[in-house]
Amino acid sequence: AVLAATAAQAQNFPDKPITIVVPFAAGGPTDRVARDLAEAMRKPLGANATIVVDNAAGAGGSIGANKVAHSAPDGYTLMVHHIGMATMPTLVRNIPFKVESDFEYLGMINDVPMTLIGKPALPATSYKDLTGWIAQNKGKINLGNAGVGSASHLCGLLFQTAIKTDMTPVPYKGTGPAMTDLIGGQIDLMCDQTTNTTSQIEGKKVKAFAVTTNKRLTTPALKDLPTLQEAGLKNFEVTIWHGLYAPKGTPAPVLHKLNEALKAALKDPEFIKKQEGLGAVVVADKRVEPAEHKKFVAAEIAKWSPIIKAAGVYAD
Ligand code: MLT
């Protein structure tokens, strides 16, 4: 009877609005990915499917993740999250959920490069000038991020360690609001994803110094930025990946339907074009398989834990 009920439930799924939780403030890179994905998933889920985005921000993304881990496992609460799923276990003390057992893995979405950017009035145009300015302003520089456990925090941490210069972190509920303060000159620097920085760099609202990927980017507004490796920070590479999650225990037929809709969304030319315009790359088919997604996150937890510990930062 239960099986029949579950099958029927999946048959009619979705028959009410689906919520995608974004664990950061509106207007930032995670929010951008989630809203574009929601748009692309509506069609494959059926004409009457509605998907709303709920920005449950705070504590570097762990508040939103905790909310989803404890939501009803019925397929109507999902989450878009990023590399933070692999770094929170090391960075956030007493994390109130288990990344590897409190979620269903619905598949990965994209890879997003990061950019090192500065306030408009910062008296440097090249990365080389920036290092001179940093040397002259040791102890007075502040760095915006989205809280301990966020992608901007991870990149900022690795950058400070690589240049052996501590900076004052200024945490926000997301790099959307952080970007507003960077443009306004309230903070000096930030490492943020191209999904959030491309338009500001194009609009010359911020200074852009480098990208965090192994190779330069092809996006017109970003193609002239050197990689941090070219600039002398050997092995510096940070790429932010995003995945789709549901609470553990969501029925398998519902998970299957959601994974099918995710796969269709990632094939949507409109979605792909939007992602490419922002420097992001949609993942290959293999990584949209839930088993691969789960394996990838476990490998990333193992990869980042020693790097974070070597950088001398433990749980917040
Ligand atoms: C991050 O730094 O983790 C993200 O940029 C936060 C956000 O999406 O606002």
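Biologist: Where does the ligand sit?

Modeller: Keep in mind that this is a predicted model. The protein covers 100% of the 270 Å² of accessible area that the ligand has on its own. As for the place, the ligand sits in the largest cavity.

Biologist: Which elements give two or more residues to the shell around the ligand?

Modeller: Let's go through them along the chain. Two of the elements are helices, H2 (29-45) and H6 (151-163). Add the strand, and the list of elements giving two or more residues reads helix H2, helix H6 and strand E7 (189-193).

Biologist: And which residues come nearest to the ligand?

Modeller: There are 13 residues around the ligand to pick from. Of these, the ones that come nearest are Thr30, His82, Ala151, Ser152 and Thr175.

Biologist: How many residues of that shell are charged?

Modeller: Sort the shell by residue class: four residues are nonpolar and eight are polar. That leaves the charged class, with a count of one.

Biologist: How many Å is it from an N or O atom in the side chain of Thr30 to an oxygen atom of the ligand?

Modeller: A polar contact needs a pair of N or O atoms within 3.5 Å. The side chain of Thr30 offers such an atom, and its partner is an oxygen atom of the ligand. The distance for Thr30 is 2.5 Å.

Biologist: What about Asp192, how far is its polar side-chain atom from an oxygen atom of the ligand?

Modeller: Take Thr175 along the way: a polar side-chain atom there lies 2.8 Å from an oxygen atom of the ligand. For Asp192, the polar side-chain atom and the ligand oxygen are separated by 3.4 Å.

Biologist: Is Thr175 buried or exposed?

Modeller: Thr175 is part of helix H7 (residues 175-183). Its relative accessibility is 5%. Buried means under 20%, so with 5% Thr175 counts as buried.

Biologist: Staying with Thr175, how far apart are the C-alpha atoms of Thr175 and Asn196?

Modeller: Along the chain, Thr175 and Asn196 are 21 residues apart. In space, their C-alpha atoms are separated by 7.9 Å.

Biologist: Now the backbone: which peptide bond is cis?

Modeller: As background, most peptide bonds are trans. Here, look at Pro14, in the loop between helix H1 (2-12) and strand E1 (18-22). Omega is near -5 degrees there, and the cis bond runs from Phe13 to Pro14.

Biologist: What is phi of Lys164 near?

Modeller: Most residues other than glycine have a negative phi. Lys164 sits in the loop between H6 and strand E6 (168-171), and it is exposed, with a relative accessible area of 69%. Its phi is positive, near 50 degrees.

Biologist: And Lys204, is that one buried or exposed?

Modeller: Lys204 also has a positive phi, about 55 degrees, although it is not a glycine. You'll find Lys204 in the loop between helix H8 (194-202) and strand E8 (207-211). The cut-off for exposed is over 50%, so at 71% relative accessibility Lys204 counts as exposed.

Biologist: Where does Ser150 lie?

Modeller: Ser150 is buried, with a relative accessible area of 1%. Its C-alpha is 26 Å from that of Leu258, 108 residues away in sequence. As for its place, Ser150 is in the loop between strand E5 (142-145) and H6.

Biologist: Last one: in which strand does Phe209 lie?

Modeller: Phe209 is buried, with 1% relative accessible area. The C-alpha atoms of Phe209 and Lys67 are separated by 36 Å. The strand that holds Phe209 is E8.

Conventions
Residues are numbered from 1 along each chain as its sequence is written. This is a predicted model: local features need pLDDT of at least 70, side-chain atom pairs count only at pLDDT 80 or more; totals for chains, interfaces and linings use all residues. Side-chain values use heavy atoms; hydrogens and water are left out. A residue is near a molecule or strand if one of its heavy atoms lies within 4 Å of it. A polar contact is a pair of N or O atoms within 3.5 Å; within protein, one must be able to donate a hydrogen and the other to accept it, and residues adjacent in sequence count only if both atoms are side-chain atoms. Accessible areas come from the Shrake-Rupley method with a 1.4 Å probe; for residues, only the protein chains shown count as cover. On a 1 Å grid over the protein atoms alone, a cavity is a set of points where a 1.4 Å probe fits but cannot get out, and a pocket is an open set with protein on both sides within 12 Å along at least five of seven lines; lining residues have an atom within 4 Å of a point. A molecule sits in a cavity or pocket if more than half of its atoms lie within 2 Å of its grid points. Helices (H or I, at least four residues) and strands (E, at least two) are DSSP runs, numbered from the N terminus. Ala, Val, Leu, Ile, Met, Phe, Trp, Tyr, Cys and Pro count as nonpolar, Asp, Glu, Lys and Arg as charged, and the others, Gly among them, as polar. Buried means under 20% relative accessible area, exposed over 50%, partly exposed in between (1.4 Å probe, protein chains only).
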